[in-house]
Each structure stands twice: as structure tokens, then as C-alpha cells.
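User: I would like to go through this structure by question and answer. Please give the reasoning briefly and finish each answer on what was asked.

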Amino acid sequence: MKLTINREVFLEALQRVQGIVERKHTMPILAHILLRASPEGLELSATDLEVGLRLQYPAEVSEPGGVTLQAKKAYEIARELPERGRIGLTGRENNWVELSCGRARFRVVGLPAEEFPELPVVEGAEPFEMTAGVMAGMIEKTIFAVSTDETRYNLSGVFVESFAEKGKGVLRMVATDGHRLCLVDEEIEAKQAKRVGKGVILPRKGLLELRKMIEEGLDTVSLGLKGNSAVIRGERGVVVMRLVEGEFPDYRQVIPETAGRKVLMKREEITAGLRRVSIIANEKTRPVKLMVSAGTLVLSASHPDLGEAVEEMEVQFEGEPIEVGFNARYFLDVLNVLTGEEVELGLGDEASPAVLRAVGDEGYLAIIMPMRF
Amino acid sequence: MHVDMDAFFASVEQRGNPWLRGRPIAVSGSGWRSVVTSASYQARPFGISAGMPVAQAMRLCPALIRVEGNSDKYVETSEQVIALLREVTPLVEVASIDECYLDITGSLRLFGGAEALARRVKARIREEVGLACSVGVAPNKLMAKLASGLSKPDGLLRLTAEELPAWLEHLPVTELCGIGPRLGAALTAMGVRTCAELSRVPVAALTARFGIVGRHLHEMARGVDSTPVVPTEERPDAKSVGHTLTLDQDLHDREPMRRHLFRLAEEVARRLRKGRYAGRTVTVMVRYADFVTWSRQTTLEAPLDEGLAIYDAARRVFDGLRLRPLGVRLLGVTVSHLVHARDQLPLLPSLQRRRASVQAMDAVNDRYGEFTLTRATLLQMETRTRPISPSWRPLA
């Protein structure tokens, strides 16, 4: 392999793949990236076996071929090479790679290109397509609820399904960590309603990569599914991810049919109030208490070592007063992604789930389980 | 004032069984490889002391009677003693299952002086609990502990500020609580054997050799100690909960070791839930036949308080360990990074069921004893009992 490439382009490419590269060093090859030169340019691949990236960059190739480089070292080298320089990359015998720029020369060890794991190819399946901005919004509204508990593998991603309802297509995303759940719907073309089908779980890390691609300026997301892999096409290349195996819990079961009490409140007021009061609730484990009575909501928190905080606000509510404790973080996560002036909180009793949604946005809801206090 | 129960576990056993009285007995775990946790005074002339392997103790004294420890009984008795002490003053610091520090400054007038108070405490513990204890009265905790130790067994010793220098003059430094054999050896190497000698070493020389501890040593040698009696209920929260198990025989296979880890995880989980704690870091400890000890840990995103989840984490750590071929004699599981009770209610039905089953198990075991209701995996294991750790303290 022999090629030359712009230092800036190479640096950007290396930076882009750092997030994917396996850090735990369970398999040495996963700390490497694969460089493959062809007449079309340079193709970079990185994977941790769960998520993979394959990106194409312009380069002048004089001899096609493949090498691997240790991702972190390659990035550190490229970063220090002279700006606006041109980097020469040459593959030598026994997996040595020569890297030169200006008067600097590096000879670094690689691993055989054939040892790099093949990224799954997802061809043939008709891709699901969606405006990138809409997709990004859906990810934003769900990803924070994904479980980070390694022992709950089936909750480690966002559940995605599509179906037809009243002649319209719907794409739905659901995420839960076992304590709260977020669900968002977006309308899609009816002809696409079957393309995602009865549901797949996209891993959190893969969705974060997708979000990055969208931020880099993607107009349309094209999602292809086959077997246990999903592939998303972007301008530069593809993100390939292994679907999360395991069964996503039946989320319909936990959505309360009707909420006994409905509280209407100003989004900004409740957000700011919760932020303030939760300073005292602090640690993840202490609840903020919500006391609702006719026309009034009182937020309060106390901590044996710190003290207490109380805040009162006007709300629209008629009915039986109630006191419920919640993890304020769960509320704030949702409030941060809601838009509109008013939010509606549906409450059952002290031990039933609360439903939080923006007034006028039927497509999004969050369910939060209370804490005992 | 320092109150130290004499040969606590052994005396509790002798109290409950007349046949054991006046005989050399040793309380230990049920395995042959367990260690003596408490030896009666009749066993001590043979050189038997706490921490000695049972086999060695039996060699020293073939007539030794081994008694399997009964933790519930000890905890119950200890709580009885603590309750009595709290009648004298609310300032009771429980140092371990069989010793307490009391700040009696405010109670002196009420009880007619320190000695009268100490006699009264001893008499009540003898009458109402049926056990002997040794009591030390002194101006501070360090000296009180020294006094109770010097008066053992069944003694009472009061050290006044005036008498202290005379007592310390010829006292070996290792008699002081906090100066162990190693520190003692280091001091001997400096030509220091008694407290008086230690007090004459310049502070600068001590700090040069021992760092910050040096200044502390200088004060100890003069009988100075300013640490207050901290009532147990004001103690900071626990930092970790752990259990270890000395195996009956060295194990080489992972499978039986995994089962032991599971049982340890269940025990740890149970204690976490009793104290309404959950923790994020799980540590596995492995001690080999040559006493070389390794521990590895993993930190999770979510705090755990269920045995199965703790075991899952422990097993992942354990499976990642390359075991030395030597054989393993002790295993331990510890959970740290504790947070207060998991009061978050679960949303998913599957998690609700799991939580409910754990709660049901706890309810049964609270009533009928540990491991009455347990996981089937643990059924084949002999249910071994072992005495409670002497560092036991009542849960706040």
C-alpha cells in the first residue's frame, strides 16, 4: 500500500474513530484501525465488535492495499505533524507502516490487515429513511433513559419499531432503565411502516455515533436492517451496529391507562424549581417530594447532613391532595428535552407511576416511578 | 471508662452450659480450618489465644473443648450489656462486640465517684447478664483501655492523672493500644522499650522515623490522648460491607469457589439490605495457601443490594483472575461505594417481581433464621456457621 493524504484530512479521520476503538484491550486488534487504499481513496475502519465505522476519505493512492495502525498512537502522531503538510503512508513487509511528513519519518508496527474483523455487510434490505433532524430529536428524547446497568443487557439500547396506525406510518422509540421510561412517536410515510417492523434494540453507543453523523451534516438517515445488524449510511461512510439481543420488556404494560390526577404547570417554573430544591436532595438516592393540593405545588427536599429546601408554585389542579417522592434527576432529564410552555403531570398514588408530557405534544411521554420517602 | 468483657464468646458459652464451666474451651467456626475467636481463661495457660488455627490449639491442649460459635447469642448479649451501660451515660462508644468506651464525666456526681460507678457497672453486668468484665477508669480513652487490660480478668483499675507517670515508667510500649508487634520492633531497634523511654525521645527524631505517627507516639508515651468518646449512633455511615470465608480445604477448581462466592454475595446483600444500603463497587478477595492475597474489584453504574446481582459482578471479576496453581484458602466479597437505601420503586413488572421475591425471602429469614429460605444453588452446600466478626457494631 502506498498513498499520500492531507494531514488535516487524516487527522480528522483519526479523531472521528477514536470513540469507537476498544479501550479495554481485550483483543489487541480492536485497538487498531484498518486502512485500506483503493483507487477511490482511503477507507478507515474501526470497531469494538458492537459498533463499527467505515469511512471514506480522499487520498492519492499509488498502490492499493491494506495496513493496520494503533489508533491512539496514529492520532497522536498525526496531531503533531506539521500543519497543511502532506502525509505519505507506505505499507512495508511484516506489517510495518512508514509514515512521513516533511522531514519527520515514523516506522510503526501494525498487525496483519486480514486479522481485522470484517464489519457485517447489510445489503438487500430496503432501507428505512427519515429526515435526519427528526431522527436526532427522537434520539435526544430517549437516550438518557437507556439503562447503564451492565446486568440489564436488554435495556442497554433504544427499542425502535414501526407500524401503521389509522392509515399513517409511525416510527416509535422507547427507552427504559427499569425505573423510568420514555416513548416518542413520529409520523412516517405509510409505505415505510413495515420497514423496521416489530422492533429492534439499537445499542446506545451506536445511536451516539448516529447522532454524531447527523451533527456533522447529514440530511437523510438511511437505516438498513438484516439479521442481527443495523447499518446507517452517511455522507462519509457507514455506522454498523450489532443489535442488542434479548427481549425488550412489554412497555405497553406499564403505561397507565388514566391518571387519577392531572397537574398543569409552567415548564420553566417547574424546571428551575426542581433544579434548586434538588441541590439539597443531592445524591442520586434522595427524593424530592412533590405535594400537590388545589392550585399549589410544593417541592421539598431534605438531607440529614445538609438541611432542607422548599419551593412553592402555582399550578392548575383540582382534586385530592397528594404527596409523592421522586428522583429529581428523572424529572429534569425529561423537562430538558420538552418544548412548549406547559407540561402536564399525571399522578396516581404514592406508589404508582407518574406520566409527564408537554401540553400539545401527543407524540412524547415519560413515565417515572416514585421513590419511597 | 473502658469496659471490656472477659473472654466474651467463651464466657457466653460457659454461662449457657454448666458443663463447660471451669474447662478450657475455644469458640471457633465449624470447619477444621477455622481459627479460635475466643478462648476461655482455662485455655489460656496452654498458650491458646484468639486468631490461632484450631488444629494448632488442639495440639497445645488436647483436652480443649471446641464450641461452634453462635452469633445471635453474642449479639443479643452484647446489646444487653450496651443497654446497661447506656443507663450510666448516653455517651457510649461501642468499640467492638465486647468492648465499649464511656465518657462518665457528667455522671460522677450522680453515682458517687468513678470507682463507685465502675463497681456498680461490674455488679450489674454480673447479676443481670451473668458475665465478668474488666473495667479501666482513666483521664482518657487510651489510658482507660490500658487500665482495663492491666486489671484483667474480672478487674477494676483506676489510673489518676497523678499516678500515670509512675505507671508508664516501666510499661512496655507494646502494652499501649495502637502499638503492635511491628511498631514495637521498630521502636526496640531504636533502643526504646518502655513508655518512659519513648517519651524521652525527641519528637523530631520520632517524626523523622515514623512521619505523622511520630508526634502521636510521643503523646501516647506520656499518656496523652485527646480522641473523644463518640457515641455509636453518631458514627459516620458505613463505608463497605464484606464477608470472608476460610475454606475447609484449599480449593483449586473454580466451580466450587464460585458457589462460595455466591453464598458470600448473598450474605453481604442481606446485610446491605438490613442497613438499607446499596453499593456500586464489588471487590473479590482471594487468599492462597501461602497467604498471598489478591483482590480485584469492579465498579458498576447502578448500586446493588441483591445477592444475585452482586454475585454476577463478583463472578465476572473472579473469572477474569488468573489463579495461581497453589490452591485457595480464603475467599471474600465486599461491596463498597455505599449509598443510602434503594428507595426507587421499579417500573417494570419483571423487576417488581424480583424485588418482591427478595423481600419475601428476607421476611422468612428474619423470622426463622438466615438461609432458611435460600437459592437452590446453595442448597448442596453444608450450612456452616461461624462466629460473628469481633468488629461487629450495632447498626445505626
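Analyst: This is a predicted model. A starting point is Ser134(B), which, leaving aside residues up to four places away in sequence, touches His2(B), Val3(B), Asp4(B), Asp6(B), Ser148(B), Ser151(B), Lys152(B), Pro153(B), Asp154(B) and Gly155(B).

User: In which strand is Ser134(B) found, and is Ser134(B) buried or exposed?

Analyst: Ser134(B) belongs to strand β7, residues 133–137 of chain B. Buried means under 20% relative accessible area. The relative accessible area of Ser134(B) is 0%, so Ser134(B) is buried.

User: Which backbone nitrogen does the side chain of Ser134(B) reach?

Analyst: Residues 148 and 151 to 155 of chain B are among those that Ser134(B) touches. In the same chain, Leu156(B) is 22 residues from Ser134(B) in sequence, with 5.8 Å between their C-alpha atoms. At 3.4 Å, the side chain of Ser134(B) reaches the backbone nitrogen of Gly155(B).

User: How far apart are the end C-alpha atoms of helix α3 of chain B?

Analyst: Helix α3 of chain B covers residues 71–86, which is 16 residues. The expected span takes 1.5 Å times one less than the number of residues. That gives 22 Å for this helix, and the model agrees, because its end C-alpha atoms are 22 Å apart.

User: Which elements of chain B do the buried residues of α3(B) pack against?

Analyst: The buried residues of α3(B) are Ser71(B), Tyr74(B), Val75(B), Thr77(B), Ser78(B), Val81(B), Ile82(B), Leu84(B) and Leu85(B). An α-helix has 3.6 residues a turn, so residues three or four places apart point the same way. The elements that the buried residues pack against are β1 (2–5), α1 (8–16), β2 (25–28), β5 (92–96), β6 (99–102) and α5 (114–129) of chain B.

User: Which parts of chain B does the salt bridge of Asp290(B) and Arg324(B) tie together?

Analyst: The closest N and O atoms of Asp290(B) and Arg324(B) are 2.9 Å apart, and a salt bridge needs them within 4 Å. Asp290(B) is partly exposed at 37% relative accessibility, as is Arg324(B) at 26%. The two residues are 34 apart in sequence, so the pair ties together the loop between β10 (277–288) and β11 (293–304) and the loop between α13 (307–319) and β12 (328–340).

User: Which residues of chain B do salt bridges that share partners join into one network?

Analyst: Side chains of opposite charge can pair when their charged atoms come close. Over all chains, the search finds 46 salt bridges. Those that share partners form one network of Glu255(B), Arg258(B), Asp312(B), Arg315(B) and Asp319(B).

User: In the salt bridge of Glu216(A) with Arg16(A), what is the relative accessible area of the buried Arg16(A)?

Analyst: The closest N and O atoms of this pair are 2.7 Å apart. The pair links distant parts of chain A, 200 residues apart, with Glu216(A) in the loop between α4 (204–215) and β15 (220–226) and Arg16(A) in helix α1 (residues 7–18). Glu216(A) counts as exposed, because its relative accessible area is 51%. Arg16(A) counts as buried, because its relative accessible area is 7%.

User: Are Glu98(A) and Arg92(A) buried or exposed, or in between?

Analyst: Glu98(A) and Arg92(A) form a salt bridge with their closest N and O atoms 3.2 Å apart. Glu98(A) has a relative accessible area of 24%. Arg92(A) comes to 41%. Values between 20% and 50% fall in the middle class, so Glu98(A) is partly exposed, and Arg92(A) is likewise partly exposed.

User: How many salt bridges does the rule find across the interface of chain A and chain B?

Analyst: The contact involves 27 residues from chain A and 22 residues from chain B. About 2100 Å² is buried between the chains, 60% of it on carbon and sulfur atoms. On the side of chain A there are 11 nonpolar, eight polar and eight charged residues. The rule finds four residue pairs in polar contact across the interface, while the number of salt bridges there is zero.

User: What percentage of the residues in chain A and in chain B is buried?

Analyst: Chain A has six helices and 25 strands, and chain B has 14 helices and 12 strands. Of the 373 residues in chain A, the buried share is 54%. Of the 396 residues in chain B, the buried share is 49%.

Methods
Residues are numbered from 1 along each chain as its sequence is written. Chains are lettered from A and ligands numbered from 1 in the order in which they are written. This is a predicted model: local features need pLDDT of at least 70, side-chain atom pairs count only at pLDDT 80 or more; totals for chains, interfaces and linings use all residues. Side-chain values use heavy atoms; hydrogens and water are left out. Contact means heavy atoms within 4.5 Å. Buried area is the accessible area (1.4 Å probe) that two parts lose on being put together, summed over both. A salt bridge is a side-chain nitrogen of Lys or Arg within 4 Å of a carboxyl oxygen of Asp or Glu. A polar contact is a pair of N or O atoms within 3.5 Å; within protein, one must be able to donate a hydrogen and the other to accept it, and residues adjacent in sequence count only if both atoms are side-chain atoms. Ala, Val, Leu, Ile, Met, Phe, Trp, Tyr, Cys and Pro count as nonpolar, Asp, Glu, Lys and Arg as charged, and the others, Gly among them, as polar. Helices (H or I, at least four residues) and strands (E, at least two) are DSSP runs, numbered from the N terminus. Buried means under 20% relative accessible area, exposed over 50%, partly exposed in between (1.4 Å probe, protein chains only).
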